Amino acid sequence: MNRAFANVIVRDYGSKFYSLLRVNLKQHLFHRSAAAAEKASNKKGLPSAIPSLEPLPEHKINFSTPPFMEGATYLHFFSLLKGQAEGRVMFADPCANPVMYDIDMDAVIAMPETNFSKQRDSISLSMTRPGSQDDEQHYVLSKEPENVLFEVLEYERNGSARGPSAGTERRWHWQHLPSPPMRGPYLPSLHRREVIHPSAAAVVDETTLCVSSVETGAYAFDTVKGEWRQAGSWALPFHGAAEYVPELGLWFGFNATIGNTHHCLGAFDLSSWPPVEHRSWKYLDPLSDEWSTWQRHLLNLGSGKFCIATSFQNIEWHTPCYPLHGLDDEMVVNDLTILTGVEVVRSGDGLKMINHKSKRLEGIEIHCVL
């Protein structure tokens with residue numbers, strides 16, 4: 001396992017801050033070995049209740065937004081960039097002003113302004129520039145009502161540097177890219193074709209990204225040429241971004257939409273098109289009907305291990321203690337996030353998934369898990 005922590009971004013209603021909590025994966029979500037996890041599962045069976053994650057980790061750092069944009073939480077975008085060990089957490093506010101927290105260095109880094117603000121559910125894909133081992137490229141697809149905006153954050157050597165730093169100085173910069181040509185039928189009322197947002201995406205190889213939707217099919221982006229092309233009339237057989245595991249030679253992702261009550265992790269082969277689903281495993285039993293799934297995050301920990309964060313909400317209506325004429329019942333939104341540690345290993349000619357542990361985070365609003 002290459003990562004030791006999961007980064008949980010929590011929103012505080014009172015202070016309007018976002019706090020970074022770092023969950024120790026070995027301590028809370030994984031047994032010492034796959035054999036130990038299987039033994040524990042066989043001994044205990046399926047637990048009737050998932051234990052809480054206690055004690056909660058201390059806040060590592062807080063992020064804030066301009067006061068006049070505090071309520072625009074749908075434009076508060078977080079993403080994890082690669083680093084020497086645990087990586088870097090980037091936060092971009094609605095004014096397109098990003099900041100980065102380097103976990104390894106325990107330092108805050110100023111970042112160049114982005115080309116556009118980003119939706120909280122934007123799709124992020126990271127890869128390394130071809131022929132380089134450390135020139136990182138971080139692609140972001142943001143789903144706007146009238147378009148799909150696309151840009152890349154690159155960390156590369158500064159060719160304009162002079163003197164002793166020539167060829168060694170590095171810098172971050174954003175580059176605006178052409179949007180995927182995903183369009184639906186013409187809408188006479190809006191005088192334009194319908195914009196179709198990608199529902200799935202993946203890094204296919206060192207120079208190719210693939211995105212798709214059921215309505216428009218799949219499109220491939222050549223990161224060297226900076227061009228899109230139609231890849232096929234099929235759609236990628238998962239939802240959100242898939243993660244590649246080189247040890248297993250397959251991609252992994254959620255094979256159902258967020259509204260589906262079946263919580264399954266799938267293994268897919270994207271080496272040839274159309275892609276093929278190899279296996280699917282249930283990682284979490286359905287909750288009672290009053291809980292609805294509203295977001296999921298898949299963390300690739302390396303060596304076939306994953307942390308899966310599944311967030312649920314339910315709504316309750318409470319009558320005020322001192323009801324007044326014309327005063328409506330109060331709506332209360334309850335938040336629940338379940339963190340699950342799983343491991344996929346080879347078994348004979350196929351694969352099997354081993355459930356390690358699950359922990360619940362309740363009563364706090366989880367903005368995202370990185």
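**Figure 1. Arg-88 is a buried residue, with a relative accessible area of 13%.** This is a predicted model, and our tour of it starts with a charged side chain. Which residue does Arg-88 meet in a salt bridge? The partner is Asp-102, and the N to O distance is 3.3 Å. Asp-102 lies in strand β6 and Arg-88 in strand β5, so this salt bridge ties together parts that are 14 residues apart in sequence. Asp-102 has 5% relative accessibility, so Asp-102 counts as buried too. Look for Glu-136 as well: a network of salt bridges links Arg-88, Asp-102 and Glu-136. Arg-88 also lies over the face of Tyr-155, at 5.5 Å from the ring centre.

**Figure 2. Glu-151 and Lys-118 form a salt bridge.** As a reminder, side chains of opposite charge can pair when their charged atoms come close. Here the closest N and O atoms are 2.4 Å apart. How many residues separate the two in the chain? They are 33 residues apart, with Glu-151 in strand β10 (residues 147–157) and Lys-118 in the loop between β7 and β8 (123–128). Are these two side chains buried or exposed? Glu-151 is buried at a relative accessible area of 0%, and Lys-118 counts as buried at 2%. For another setting, turn to the salt bridge between Glu-362 and Arg-360 (3.2 Å, N to O): Glu-362 counts as partly exposed, at 46% relative accessibility. A search of the whole structure finds seven salt bridges.

**Figure 3. Phe-78 and Phe-91 form a stacked pair of rings.** The structure holds 16 aromatic pairs, and this is a good one to explore. Why does the pair count as stacked? The ring centres are 4.5 Å apart and the planes meet at 25 degrees, and planes under 30 degrees apart count as stacked. Phe-78 belongs to strand β4 (residues 77–81) and Phe-91 to strand β5 (residues 88–92), so the pair links distant parts of the chain, 13 residues apart. Phe-78 is buried at 5% relative accessibility, and Phe-91 is buried at 3%. Ring pairs join both of them with Tyr-18 and Phe-63 in a cluster.

**Figure 4. Ser-142 sits in strand β9 (residues 136–144).** With 0% relative accessibility, Ser-142 counts as buried. A polar atom of its side chain lies 3.1 Å from the backbone nitrogen of Gln-119. The side chains of Ser-142 and Glu-144 are also joined by a polar contact of 3.1 Å. Leaving aside residues up to four places away in sequence, the residues that Ser-142 touches include Phe-116, Lys-118, Asn-147 and Leu-149.

**Figure 5. Some loops hold backbone angles worth a second look.** Most residues other than glycine have a negative phi, and most peptide bonds are trans. Where can you find a cis peptide bond? One runs from Glu-54 to Pro-55, with omega near -10 degrees, and Pro-55 lies in the loop between α2 (34–44) and β3 (59–63). The bond from Trp-273 to Pro-274 is also cis, with omega near 0 degrees; Pro-274 lies in the loop between β20 (263–269) and β21 (276–284). Asp-106 has a positive phi, near 55 degrees, and is placed in the loop between β6 (98–102) and β7 (107–110). Ser-303 has a positive phi near 60 degrees, in the loop between β22 (292–302) and β23 (305–318). Ser-303 is partly exposed, with a relative accessible area of 36%.

Notes:
Residues are numbered from 1 along each chain as its sequence is written. This is a predicted model: local features need pLDDT of at least 70, side-chain atom pairs count only at pLDDT 80 or more; totals for chains, interfaces and linings use all residues. Side-chain values use heavy atoms; hydrogens and water are left out. Rings of Phe, Tyr and Trp (its six-membered ring) pair if their centres lie within 6.5 Å; planes under 30 degrees apart count as stacked, over 60 as edge-to-face and the rest as tilted. Helices (H or I, at least four residues) and strands (E, at least two) are DSSP runs, numbered from the N terminus. Buried means under 20% relative accessible area, exposed over 50%, partly exposed in between (1.4 Å probe, protein chains only). A charge sits over a ring if NZ of Lys or CZ of Arg is within 6 Å of the ring centre and within 35 degrees of the ring normal. A polar contact is a pair of N or O atoms within 3.5 Å; within protein, one must be able to donate a hydrogen and the other to accept it, and residues adjacent in sequence count only if both atoms are side-chain atoms. Contact means heavy atoms within 4.5 Å. A salt bridge is a side-chain nitrogen of Lys or Arg within 4 Å of a carboxyl oxygen of Asp or Glu.
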